[in-house]
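Trainee: Could you take me through one part of this protein closely, step by step? I would like to see how individual residues fit into their surroundings.

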Amino acid sequence: MDKQFKRIFLVVLDSVGIGEAPDAADFDDIGADTLGHIADYVGGLKMPTMAKLGLSHIKQISGIDKVDAPLAYFTKMEEASVGKDTMTGHWELMGLHIDQPFQTFPNGFPDELINEIIEKTGRGVIGNKPASGTEILDELGDKHIETGDLIIYTSADSVLQIAAHEDVVPIEELYHICEIARKLTLNEKYMVGRVIARPFVGEPGNFNRTANRHDYALKPFGRTVMNELKDADYDVIALGKITDIFDGEGITETVRTVDNDDGMEKLIQSMDQEFTGLNFLNLVDFDAKYGHRRDPKGYAEALEAFDQQLPQVIEKLRRDDLLIITADHGNDPTHHGTDHTREYVPLLAYHKGINAGRELPIRKTFADIGATIADNFKVTNPAHGDSFLEDIIE
């Protein structure tokens, strides 16, 4: 086959780590193993498609057969950047190295920042703590309606989230408030990855978040492979939260998704599309719905549901398509706390020209994926990462 793939489909299973990284102790994550512990918890994962690709050749996972002849090239990747958050992981996948971690706020945001938000928006603030987005509405939604105060909360990620009822704080005002908060948190003192508008509707006891969410992310600190592709007139199709993670940089088309199933459906639909370049999907439910909420059973069900949809993707691949499946960090639902976990992530590379899959060397940075994509399309590779393109072409 030609050494250049026309279309590359990159699927990020958000938080699906595959065992503690060499520097896990630096992150208080000794023993973390997202896939392994989930599989053990449920008595074995049923993922026959990932088994065929070679997942258990990377690390033996309970319930997932170690097949004699894996279909894909396989290995695991180590994160080189200093963080373990979503933005750091994705930015590194596209060639960046982050040496200053985004800040998290396990005790809420500093009074100085909250007071600045109050002063500049003219509204009070309630909450200011890590919380589930649905639970904090149940707790504070009625008080918000009564007072008009903003519900501010965070999570284990580097996020400042502002929730407001659409009948109390109009959408445009909420967006303006988030823009103010974004400007206030751009400096090194706070280093917040994302500010998120979280509008909701309904009555006490029956609040529902709406589709008017809007993310205000930091722009990547340098050029990524996506910038290089776009500038060379290649397509960069972003599915799910990719546009938010990169603040729109290097993207030619955005497709929103509502959950993992919808993300996979949108991916399958996009495979009928004529394009040349990168199709980049993030499946966030693993992380947001199950990892942070420490729900190994739900996480297992989501993994198995993904595996059931994966054959449709494989079937639709053309001879000049490449499928890469990986992750951006770990989030072991059996681990202490609710934070991400510092882990290796799996790497599976599949195309229909493979005669026999085999193991690749362990990658020392996620940026090897970006380097491979850059190599394939003959665009400039950012400073970090080594291509494995020649290793997966037969």
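Mentor: Happily! Let's begin with a cut-off we will need: a residue counts as buried when its relative accessible area is under 20%, as exposed when it is over 50%, and as partly exposed in between. Keep in mind as we go that this is a predicted model.

Now try that cut-off on T254. Its relative accessibility is 37%, so T254 falls between the two limits and counts as partly exposed. T254 belongs to strand β10, which runs over residues 253-255. If we skip residues up to four places away in sequence, T254 touches A238 and T243. With T243 there is also a polar contact: the two side chains are joined at 2.7 Å. F280 is 26 residues from T254 along the chain, and their C-alpha atoms are separated by 9.9 Å.

Just before that strand, have a look at D247, which sits in the loop between α9 and β10. At 27% relative accessibility, D247 is partly exposed because this value is between 20% and 50%. The backbone of D247 has a phi near 50°, which is positive although the residue is not glycine. Why point that out? Most residues other than glycine have a negative phi. R294 is another case, with a phi near 50°. R294 lies in the loop between α11 (285-291) and α12, and it counts as buried because its relative accessible area of 18% is under 20%.

Next, let's step back to see the wider setting. The chain is divided into domain 1, made of residues 7-100 and 221-391, and domain 2, residues 111-217. An unreviewed UniProt entry also annotates "domain: Metalloenzyme" over residues 6-379. Across residues 6-379 the chain is 34% helix and 20% strand, and the C-alpha atoms at the two ends are 14 Å apart.

How do the two domains meet? Their centres, taken over C-alpha atoms, are separated by 30 Å. At the interface, 15 residues of domain 1 are in contact with 10 residues of domain 2. About 1000 Å² is buried between the domains, and carbon and sulfur atoms give 50% of that area. On the domain 1 side, M87, Q100 and D244 lose the most area to domain 2, together 44% of what that side buries. Two elements, α4 (86-93) and α9 (242-245), each give two or more residues to the side of domain 1 that touches domain 2. As for specific interactions, one residue pair is in polar contact between the domains, and the rule finds zero salt bridges across the interface.

To see a residue from the other domain, go to R194 in strand β6, residues 194-203. R194 is buried, since its relative accessible area of 5% is under 20%. Beyond its sequence neighbours, R194 is in contact with residues including M87, D157, R213, D215 and K241.

Finally, let's follow K241 to a site marked in the record, because K241 is also among the contacts of D14. The unreviewed UniProt entry places the feature "binding site" at D14, D328 and H329. These positions are spread over 316 residues of sequence, yet they cluster in space, with a largest C-alpha distance of 7.1 Å.

D14 is in the loop between β1 (7-13) and α1 (34-41). D14 is buried, with a relative accessible area of 0%. Besides K241, the contacts of D14 include T86, H90, N282, D287, Y299, D328 and H329.

H329 lies in a loop as well, between β12 (321-326) and β13 (345-350). H329 is buried, with a relative accessible area of 1%. Among the residues in contact with H329 are D14, S15, K84, D85, D287 and H340. The side chains of H329 and D14 also make a polar contact, at 3.3 Å.

One last stop is α1, the helix that follows the loop of D14. Its residues T34, L35, G36, I38 and A39 are buried, and the buried residues of α1 pack against α3 (55-58) and α12 (296-316). Just after α1, G43 takes a positive phi of about 75°.

Key
Residues numbered from 1 in each chain as written. Predicted model: local features only at pLDDT ≥ 70, side-chain atom pairs only at ≥ 80, totals over all residues. Heavy atoms only, no water. UniProt positions renumbered as here; feature names shortened; annotations may be inferred. Helix = DSSP H or I, 4+ residues; strand = E, 2+ residues; numbered from the N terminus. Buried < 20%, exposed > 50% of the residue type's maximum accessible area, 1.4 Å probe, protein only. Contact = heavy atoms within 4.5 Å. Polar contact = N/O pair within 3.5 Å; in protein donor to acceptor, adjacent residues only side chain to side chain. Domains from an automatic or database assignment. Buried area = accessible area lost by both parts, 1.4 Å probe. Salt bridge = Lys/Arg side-chain N within 4 Å of Asp/Glu carboxyl O.
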